[in-house]
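Hello,

Here is the structure I promised to pass on to you. Have a look at it first, and then read on for what turned up when I went through it.

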Amino acid sequence: MPRDSLSVFLAVVVLTTACSASGPSSQPKNGDAVNRGPAGDQSRALVMVARAEPRFLSMKPVISVAGIGDNDVLRSFNAGLVLVDDSDALRPGLAESVPQLDTDSWRVFPDGRMETTFRLKPNLIWHDQSPLLAEDFVFSWRVYGNPDLGQSATPPLVHVEEIVAPDPRTVLIRWKRPFPDATRLEAQDFPALPRHLLAEAFQRDQAEIFSSLPYWASEYVGLGPYRLDRWEAGAFLEGEAFSGHALGRPKIDRIRVRFIGDSNAVLANVLAGEAHYTFTNAIFLQQGSVLKREWASSSQGVVLVIPSQWRRVEIQHRPEYANSRAILDPRVRMAMAHAVDRSALNDAVFDGEGVLAESMIPPWVDYAADLQRSVVGYPFDLRRTESLMAEAGFRPAADGVWTSPVDGRLSGEIRASNTADFVAELSIMAAGFRQARFDVQEVPMPLRSRSDRLSRHTFAFMDIGGGGMGESGAVPNFTAADIGTPENLWTGRNRGGWASSEYDRLFNAFSTTLDRSERNRQIVQMMRVFSEEVGAISLYFNPIVIAHVAALKGPRNYGAESVATWNIYE
């Protein structure tokens, strides 16, 4: 499926048209603002709805946060050296330009070390009006590089040898080895930190105290297009346009982000004109279908259906946490993969809008044909399931459940988020497993418990989840170095603990190779290894739904590596 063929619906809002305010006693209409400025002035405002409240406003908190990704929300308050646009190209953000290979801005030395130089735009300031200095990036490197905070082993920091500030506007980064993403330093990768606000606390406080400072949430000071103005815990947060934003003052004066976990309640708010934009996962296909019908004749709004997040079944690979040794056998994992009817799931849960996935790499990349030839697929085939289970030494017990003399009865829990779509998905999948003779019990989990880092890593059998896809959003998450452990404060993203020395070898080569064609070959081989060993059961790139009122003009595409609100300042 060519990447270009998705561009017609891989769109996200360019927020170019403001909404006129309505008084508190008037009935709001689509396109009208529903909130006032702090002094009672009726500023132009945009009301957006998010599924969950963020714990922090920084796109890269000093400790890893498990749970729902919310970078679409956080983008409003953050800015990086560069910005990834709708075509996955790098644009200058805080930097004047993006360093180019084989120039003075990106030098590679004979021993493999590198240097990249970012020149900051002039007269940049923080939200509190203090000047942004190159030393703020040096300070940030020291903070995130502190092993006690659990981020020092994550890229790009793990590859950095030193960061220095030759002058107030120059950030010089010295790399230990070739690193192809050395210029891809967005706010979620390597942000500046306000040294004037945090340096004293960093020297004084223990890691746990420092990572819990009000600065990271209610007192956040960033560099993004909006400055935090108000945060009512559990209800909403508000931001006002930041005139000092590196890419210009945003065209909409104020934003309000409301937190509503019930997608039907979000739908009601949109239909009532009390919300103008829905973030990723605030609503799902069912609600999107209702909006399409309601807006069909009036043209009051737009519903975008975007195949995006890689959804998969995480499997517990660590013997100390797995409740059944059988799941450690690749043949059993293969058998269970063949027992998942992904097409039926896609039809039932996503009205067939999802794109079936054989790996974490979407099928619109340039090297998709090579992937298709190399990746092991697991089509729905119960006869193959029975054959693999017999090969692994299992036989049906009296009640039909797979049992082996060594591992006993194959039984376990399958977990997923307790939201309407995902509970339906969980029930259908669990029923399918039971039909295939696996004794499984579904466990819907509240959203808050999904944010518990220990729980996310120590599940006993299977966990259905989703998130980033592709080379930067998913591939690094399955290395042995990224396994969550007590030593790294359960901050790793490899929650199932799958490990492969061959995958790690290929990933290390992929992470140090600058030639694009060679990197393609390496990633194809990594996906072959991952699929052969069933590191996780790939399901689909499930569609996300974003709805917005028609008063917000100028939809734009966004790429697999960018966030939906990359251009919110426009």
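Ile163 is found in strand S7, which covers residues 160-167. This is a predicted model, so please read everything below in that light. Ile163 is buried, as its relative accessible area is 3%, under the 20% cut-off. Apart from neighbours within four places in sequence, Ile163 is in contact with Phe137, Val138, Trp141, Val171, Leu172, Ile173 and Phe190. As for its place in the wider model, Ile163 lies 40 Å from Pro543, C-alpha to C-alpha, and the two are 380 residues apart in sequence.

S7 comes up again with helix H2 (residues 134-144), where the buried residues pack against S7, strand S8 (170-175), helix H3 (195-204) and helix H4 (207-210). H2 is largely enclosed by the rest of the structure, because eight of its 11 residues are buried. Those buried residues are Ala134, Asp136, Phe137, Val138, Phe139, Ser140, Val143 and Tyr144. Two of them have further ring business. Phe139 belongs to a cluster linked by ring pairs, together with Phe202, Phe210, Tyr215, Trp216 and Tyr220. Tyr144 has Lys60 lying over its face, at 5.7 Å from the ring centre.

That brings me to the aromatic pairs, of which a search of the whole structure finds 19. Two are worth showing you in detail.

Phe350 and Tyr540 form an edge-to-face pair, because their ring planes stand at 85 degrees, with the ring centres 5.3 Å apart. This pair links distant parts of the chain: Phe350 is in helix H8 (residues 342-350) and Tyr540 is in strand S21 (residues 536-549), 190 residues apart. Both Phe350 and Tyr540 are buried.

Trp498 and Phe530 are the second example, with ring centres 5.1 Å apart and planes at 80 degrees, so this pair is edge-to-face too. Trp498 sits in the loop between helix H13 (470-473) and helix H14 (501-510), while Phe530 is in helix H15 (residues 516-533), so the pair ties together parts that are 32 residues apart in sequence. Trp498 counts as buried at 2% relative accessibility, and Phe530 is buried with a relative accessible area of 2%.

Now for the helix packing. Two packed helices are described by the angle between their axes and the distance between the axes, and I have three pairs for you.

H14 and H15 pack with their axes 9 Å apart, at an angle of about 160 degrees. They are therefore roughly antiparallel to each other, and their crossing is left-handed. On the H14 side the contact is made by Glu502, Tyr503, Leu506, Phe507, Ala509 and Phe510. On the H15 side, the residues that make it include Arg516, Arg519, Gln522, Ile523, Met526 and Phe530. Within this contact, Arg519 lies over the face of Phe510, at 3.9 Å from the ring centre. Phe530 of H15 therefore appears twice, once in the pair with Trp498 and once in the contact with H14.

H8 packs with helix H11 (residues 420-435), their axes being 10 Å apart at an angle of about 150 degrees. That makes H8 roughly antiparallel to H11, and H8 passes H11 in a right-handed crossing. From H8, Leu345, Ala348, Val349 and Phe350 meet Asp421, Glu425, Ile428 and Met429 of H11. Here Phe350 turns up in the helix contact as well as in the ring pair with Tyr540.

Helix H5 (residues 263-271) and helix H6 (residues 285-295) have axes that come within 10 Å and cross at roughly 20 degrees. H5 and H6 are therefore roughly parallel to each other, with a right-handed crossing. Ser263, Asn264, Leu267, Val270 and Leu271 of H5 make the contact with Gln287, Val290, Leu291, Glu294 and Trp295 of H6.

One last residue to look at is Thr385, in helix H10 (residues 382-391). Is Thr385 buried or exposed? Thr385 is buried, with a relative accessible area of 1%. Not counting residues up to four places away in sequence, Thr385 touches Ala335, His338, Ala339 and Phe438.

Enjoy looking around, and write back whenever you like.

Best wishes

Terms used:
Residues are numbered from 1 along each chain as its sequence is written. This is a predicted model: local features need pLDDT of at least 70, side-chain atom pairs count only at pLDDT 80 or more; totals for chains, interfaces and linings use all residues. Side-chain values use heavy atoms; hydrogens and water are left out. Rings of Phe, Tyr and Trp (its six-membered ring) pair if their centres lie within 6.5 Å; planes under 30 degrees apart count as stacked, over 60 as edge-to-face and the rest as tilted. Helices (H or I, at least four residues) and strands (E, at least two) are DSSP runs, numbered from the N terminus. Buried means under 20% relative accessible area, exposed over 50%, partly exposed in between (1.4 Å probe, protein chains only). A charge sits over a ring if NZ of Lys or CZ of Arg is within 6 Å of the ring centre and within 35 degrees of the ring normal. Axes are lines fitted to C-alpha atoms, for helices over the stretch in contact, and angles run from 0 to 180 degrees between N-to-C directions. Angles under 35 degrees count as roughly parallel, over 145 as roughly antiparallel, 65 to 115 as roughly perpendicular and the rest as oblique. A crossing is left-handed if the near helix is turned anticlockwise from the far one by less than a right angle, and right-handed if clockwise. Contact means heavy atoms within 4.5 Å.
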